[in-house]
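Work through the exercises below with the coordinates loaded. Try each task before you read its solution.

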Amino acid sequence: MGVEKNPIVPHRKIEDMIRDSGIGYTFLRPSFFMQNLNTTHRQDISLRNELYMPVGKAKTSFIDTRDIASVAATCLIERGHTNKSYTLTGAKAIDYVEVGEILSNTLGRKIEYKNPRTLAFRRNLIKRGTKKEFANVMTMLYILTRLGTAEKVTGDVRYILNREPITFEQYALDFQEAWQ
């Protein structure tokens with residue numbers, strides 16, 4: 001999300017190369033995946049009952065990867081999506097305190113949002129076994145999130161699928177076994 005405004009990131013360079021090649025394209029630019037919480041952050045939630053990200057009070061317009069897949073499939077089989085770009089988000093942006101409350105209600109135990117300092121976050125990731133390069137990427141993504149870059153909400157999922165995006169509450173119910 002936001003790659004069209006950031007000429008430095010590799011995603012933008014790839015989009016530019018594809019556009020310049022003259023082939024037809026459809027760019028899907030999703031917000032943060034809900035599924036990052038049951039993969040990358042699964043142990044924080046399941047073992048430590050915490051959300052450990054340095055984002056302050058910033059909001060994120062999480063999207064379920066199932067919606068991304070549905071949008072991609074629709075764009076492949078329906079006409080009218082060639083040479084278009086879509087920013088895919090959930091229907092609303094929520095902060096990590098709200099994420100913790102939703103997970104707490106779903107799991108029946110308290111999931112607390114911790115807001116570590118940025119360098120402490122990076123250091124802790126590495127200490128827990130994350131490779132430095134990936135820890136650097138995650139740290140940068142959360143710095144950008146803290147600056148408000150992940151809060152934008154669009155209607156692109158609703159427009160393409162003719163339904164509302166999957167809610168964070170539904171995602172939490174569907175994936176609750178990952179945190180047990």
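Helices and strands here are DSSP runs, with at least four residues for a helix (H or I) and at least two for a strand (E), numbered from the N terminus. The model is predicted.

**Exercise 1. Place and classify threonine 87.**
Task: state which element holds threonine 87, and decide whether the residue is buried or exposed.

Solution.
- Step 1. Locate the residue. Threonine 87 sits in strand β4, which spans residues 84-88.
- Step 2. Apply the cut-off. Buried means under 20% relative accessible area. Threonine 87 has 7%, so the residue is buried.
- Step 3. List its partners beyond four places in sequence. Threonine 87 touches Met1, Arg29, Thr154 and Asp156.

**Exercise 2. Describe the whole fold.**
Task: count the elements, give their order, and test the chain against the globule rule.

Solution.
- Step 1. Count. The chain has eight helices and six strands.
- Step 2. Read the order from the N terminus: α-β-α-β-β-α-β-β-α-β-α-α-α-α.
- Step 3. Compare sizes. The radius of gyration is 17 Å, and the globule rule gives 16 Å for 180 residues. The two values are close, so the chain is as compact as a globular protein of that length.
- Step 4. Add the box. Along the principal axes, the C-alpha atoms fill roughly 50 × 35 × 25 Å.
- Step 5. Check burial and contact range. Of the 180 residues, 41% are buried. Among contacts with a separation of 6 or more, 82% join residues 24 or more positions apart.

**Exercise 3. Characterise the surface and the charges.**
Task: how much area does the chain expose, and how far apart do the centres of the positive and negative side chains lie?

Solution.
- Step 1. Take the area. The chain exposes about 10200 Å².
- Step 2. Split by atom. Carbon and sulfur supply 55% of that area.
- Step 3. Count charges. There are 27 positive and 20 negative side chains.
- Step 4. Locate the two sets. Their centres lie 7 Å apart.

**Exercise 4. Find the buried face of α5.**
Task: which residues of helix α5 are buried, and which elements are among their cover?

Solution.
- Step 1. List the buried residues. In α5, residues 118-127, these are Phe121, Asn124 and Leu125.
- Step 2. Look down the axis. The buried residues of α5 fall within an arc of 105 degrees, so they line one face of the helix.
- Step 3. Recall the geometry. An α-helix has 3.6 residues a turn, so residues three or four places apart point the same way.
- Step 4. Turn to the opposite face. Leu119, Arg123 and Lys127 are exposed there.
- Step 5. Identify the cover. The buried side is covered by elements including β2 (50-52) and α6 (132-146).
- Step 6. Look past the helix end. Glycine 129 follows α5 and has a positive phi, near 110 degrees.

**Exercise 5. Connect α6 to the rest of the chain.**
Task: what does threonine 139 touch beyond its neighbours within four places in sequence?

Solution.
- Step 1. Place the residue. Threonine 139 belongs to helix α6.
- Step 2. Classify. Its relative accessible area is 7%, so threonine 139 is buried.
- Step 3. List contacts. Threonine 139 meets Thr118, Phe121 and Arg122. Phe121 is one of the buried residues of α5.
- Step 4. Take a long-range pair. Threonine 139 and proline 54 are 85 residues apart along the chain, yet their C-alpha atoms are separated by 8.0 Å.

**Exercise 6. Follow α2 into its loop.**
Task: where does aspartate 44 lie, and which non-glycine residue in the loop between α2 and β2 has a positive phi?

Solution.
- Step 1. Start in the helix. Aspartate 44 lies in α2, residues 42-48.
- Step 2. Classify. Aspartate 44 is buried, at 8% relative accessibility.
- Step 3. List contacts. Beyond four places in sequence, aspartate 44 touches Asn49, Glu50, Tyr52 and Arg128.
- Step 4. Move to the loop. Asparagine 49 lies between α2 and β2. Its phi is positive, about 55 degrees, although the residue is not a glycine.
- Step 5. Classify again. Asparagine 49 is partly exposed, at 27%.

Conventions:
Residues are numbered from 1 along each chain as its sequence is written. This is a predicted model: local features need pLDDT of at least 70, side-chain atom pairs count only at pLDDT 80 or more; totals for chains, interfaces and linings use all residues. Side-chain values use heavy atoms; hydrogens and water are left out. The radius of gyration is taken over C-alpha atoms; the globule rule is 2.2 Å times the number of residues to the power 0.38. Buried means under 20% relative accessible area, exposed over 50%, partly exposed in between (1.4 Å probe, protein chains only). Contact means heavy atoms within 4.5 Å. Accessible areas come from the Shrake-Rupley method with a 1.4 Å probe; for residues, only the protein chains shown count as cover. Lys and Arg count as positive and Asp and Glu as negative; His and the chain ends are not counted. The place of a charge is taken as NZ of Lys, CZ of Arg, CG of Asp or CD of Glu. The arc is that of the directions from the helix axis to the C-beta atoms.
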